[in-house]
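Let's take a friendly look at the empty space enclosed inside a protein. Rolling a probe the size of a water molecule over the atoms shows where empty space is left.

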Amino acid sequence: MTTIDASDVPPATARRVREGVRPERAVAEAAVGAALDAQWEEEPGLKGFLTTVNHKRIGRRYLVTATVFFMLAGAEALVMRTQLGQPDNGVVSPGLYDELFSLHGTAMIFFFATPMNAGFGNFVLPLMIGTRDMAFPRLNALSYWIFLFSGIFMFTSLPLGMAPNAGWFAYVPLSNEYSPELNLDFYSLGLLFLAVSTTIGSINLIVTTLKMRAPGMSLNRMPLFVWAILTQSVMLVFALPPLDTANLMLFLDRRFGARFFDPNHGGDAVLWQHLFWLFGHPDVYIIVLPAMGIVSTIIPVFARRPILAYPYVVLATVGTGIISFGVWVHHMFAVGLSDVSLTFFSAATLTISIPAGIQMFAWIGTMWRGRVSVTPAMLYAIGFIVAFVMGGVTGVMFAVVTFDQQVTDSYFVVAHFHYVLFGGAVLPMLGGLFYWWPKMTGRMVSNVGGIWSFVLVFAGLNLTFFPMHISGLLGMPRRIYTYSPDDGWTLWNLLSTLGSYLLGAGFVVTLLVFAQSLLHGRRAPDDPWEANTLEWSTGSPPKPYNFPVVPTVHSLNPLWDGDSTQSIIDHRDDPERTMTDHHQALRTSELDGRIERIMAMPGETMQPLIVAIFLTGSVVLLLVGWYVAAGVSFALMAATIGWWMWQRPEIDEPESIHDLPRPRREATRTVAP
C-alpha cells in the first residue's frame, strides 16, 4: 500500500486525491510537476499539431486514422454484401466489384489492423513500461505521417477508377500482364510506401521495450501486452522483406519488363505466392497477437486476480511468433507441391494451435478463479474467446490436406478468415478502446451503451460470417460477382447480408457511445478500474511527461503490490528519477531493467513531416512515370534526413551510470531485483 504522512500533504494535494488523482501522483506533482510542465510544454494550435513527437498524440492519431480507413473499407463490404444479397443482382458492375473487394481486403489488412495495433502500442506501451516517450520520437512521428499519406494514396485510387482489382493477394499473372492499367501499380507502390512506416515503427517499439523500461521491470515483470507488441514488432521486421521484395519485383515486371514471374522467360508465377504468404501467414498472428495481449490485460483486471500461468502465456506468445513462420505453404496446398512439403506444413499448421490453446486455458482459468465484473471491455474479451475458438477450429480443419483441397477458394475460407481476423482482432480492439478510453480522453463511457455495442456487433458478426461456412460447403466460390438462383446459395447469402447491416448498426452505436462520452461523459479518475499496470498511475489523460517520478517496479502487478507506487513518493527528490532540468528519459538494461544512463529526448520538429512529404512526392511521381522528378524528390528527402541527423539534442548528460556520483550509483544498483 502507498503510505503518505498526512502532516506532509498540503490541502491542495489532499483535495486532488479526493477528486480521483492517485495519491502518489498528487504528491510527486506537488514536488516537481511545475518544473516538468515547463520542460515538456507543447506548442498549441496548428504548429503543435504538425510538429508534435509526443507518443500519446501520435498513438491517438494512429487510432483515429485507422478507424477512418476501417469505416471506408466497411462501407465497401456493405456494398459487396448488398450485391450478393440476391442472385443475379446488378447493384455494381463486375469491374467495380473487383476493385471493391480488392481494396476492402488490402485496406483491412494493411491500413486498419496493423496500424490499429501500432496506435495501441504507441499510446499504451510507454505508459505500461514506465517511461516518458518512445526511444526515437521523431522517427515515431515520421512513421505516422507515412502511414497517413500511404493510406490516402491507396484510397485515392478508387474515385480515380484505378483501385487494385486482383484481390488483396494480387496473384500473378492476373496482377501482371492481365492488368495493364495503373490499378496494380497503386497496389505495389502503396504497399512499398506503407512498409517504410511499418518497419521503422516496429524498430522503434522494439528498442523502446528493451531499453526504456522503468527500473526493476525485468523481462519476467513485463506486462503481457508489452510482450505481445514486442513479439509482433520482431515478426514484422522479419516478415515484411519478402512482401517488399515481391512488390518491388512486380513493379519492375510491370514497368520495365523484368520477367521475374513470367514462366515463358525463366520466371516463376508460384514464386509470388511463396513470397506473399511468407509474409501473409505470419501477418495473421502479427494482427492477432497484440489483440491477445489486450485480452490478457483486460481479463485479470475485471476478474480481480493476476493472470494464471504468466510464464506459459509469455512462452505461448513468443512460440506463436516463431511457429507462424513455418506454416505459409498451407495456403498453397492446392498448387501442386511435393508430398513432403504438404506433410511438413500440415504438421506445422496443427502445431501452432498448441500455444493458442495455452492462452485460452489461462484466460478461462483466470476468470474461473476470479470475481468477474460485467463491463463492455470484459464482454468484448469474452466474445473474442468464442469467435477465436470458432476460427481456430476451422483453421485446424484446413491443416488436413484432403479437406483443404475440397474447400480451398470457397466461401468456407472466407468464413474462417473473418472469424479469425474480425473475431480475433476487431473484438479485442473494441475491448481495448473501452478499457483505455478513460485514460486516452479523460472521460468515462456509458456502461449500458457499451453493452448494447457489444450485443449488436457480436450478433452481427455471427449472422454475417457463420452462414458463409454453409454456402462454402455447398460449393460457392469466393470472389464471385453474382450467382444463379438455381445454385442454392440464396438463403445463406441473404442471411449474411442482413448480418452485415446489423454489424454496421453495431459500429454506428459504438461511435455514438464514444461521441456521447466525449461530449457529456463523466470525468475519469486516474484509475477507474483499480487496475494493476503502470499506465493507470498517470493522469487521465496523462501529462506530456507521463510520470512526474519514474517508479521502481517491484512485481508483475505494480499497482497492486504497494511498493512500486510507494517508490514514486520515495524518489520525488531524486534527480535521476525526476529529470526536471531537461527533456529527458531513462535508459535501462535489456534483461533486468537496471539504470544505465539518462538520455536527451528531442522536442517538436517539422522534419518528420517534410521527409514524409518528399517521400510521398517520389511515390506519386513513380506512379505517373516521371522517374527523373521522382529521383529529385527522393534526393530532397535524403537531404532532409541528413539535416535531421546533424541536429541532435544537446544536454550535459553522464555517459553511463559510472559517471554518476558514487552515492547515486550505489542507490541505482539496489533498484534491480
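What follows is a short tour of the internal cavities.

Please keep in mind that this is a predicted model. The structure holds seven cavities of 30 Å³ or more, and the two described here are the largest one and the second largest one.

**The largest cavity**

About 180 Å³ of space lies in the largest cavity. Its lining is made up of 20 residues, and those closest to the centre are Tyr62, Thr114, Ala118, Thr198 and Gly201. Which elements give two or more residues to this lining? They are helices H5 (94–129), H6 (137–156), H7 (183–211) and H8 (224–256). By class, eleven of the lining residues are polar and nine are nonpolar, with no charged residues.

**The second largest cavity**

The second largest cavity has a volume of about 140 Å³. Here 14 residues form the lining, and Pro223, Leu224, Ser296, Asn532 and Thr533 are the closest to the centre. Helix H8 and helix H9 (269–303) each supply at least two residues of this lining. Helix H9 gives the most, with three residues.

The table sets out the lining of each cavity by residue class.

| Cavity | Nonpolar | Polar | Charged |
|---|---|---|---|
| Largest cavity | nine residues | eleven residues | no residues |
| Second largest cavity | nine residues | five residues | no residues |

Helix H8 is worth finding on your screen: it is among the elements that give two or more residues to the lining of the largest cavity, and it supplies at least two residues to the lining of the second largest cavity.

Methods. Residues are numbered from 1 along each chain as its sequence is written. This is a predicted model: local features need pLDDT of at least 70, side-chain atom pairs count only at pLDDT 80 or more; totals for chains, interfaces and linings use all residues. Side-chain values use heavy atoms; hydrogens and water are left out. On a 1 Å grid over the protein atoms alone, a cavity is a set of points where a 1.4 Å probe fits but cannot get out, and a pocket is an open set with protein on both sides within 12 Å along at least five of seven lines; lining residues have an atom within 4 Å of a point. Grid points are joined across faces, edges and corners, and a volume is the space filled by probe spheres set on the points. Helices (H or I, at least four residues) and strands (E, at least two) are DSSP runs, numbered from the N terminus. Ala, Val, Leu, Ile, Met, Phe, Trp, Tyr, Cys and Pro count as nonpolar, Asp, Glu, Lys and Arg as charged, and the others, Gly among them, as polar.
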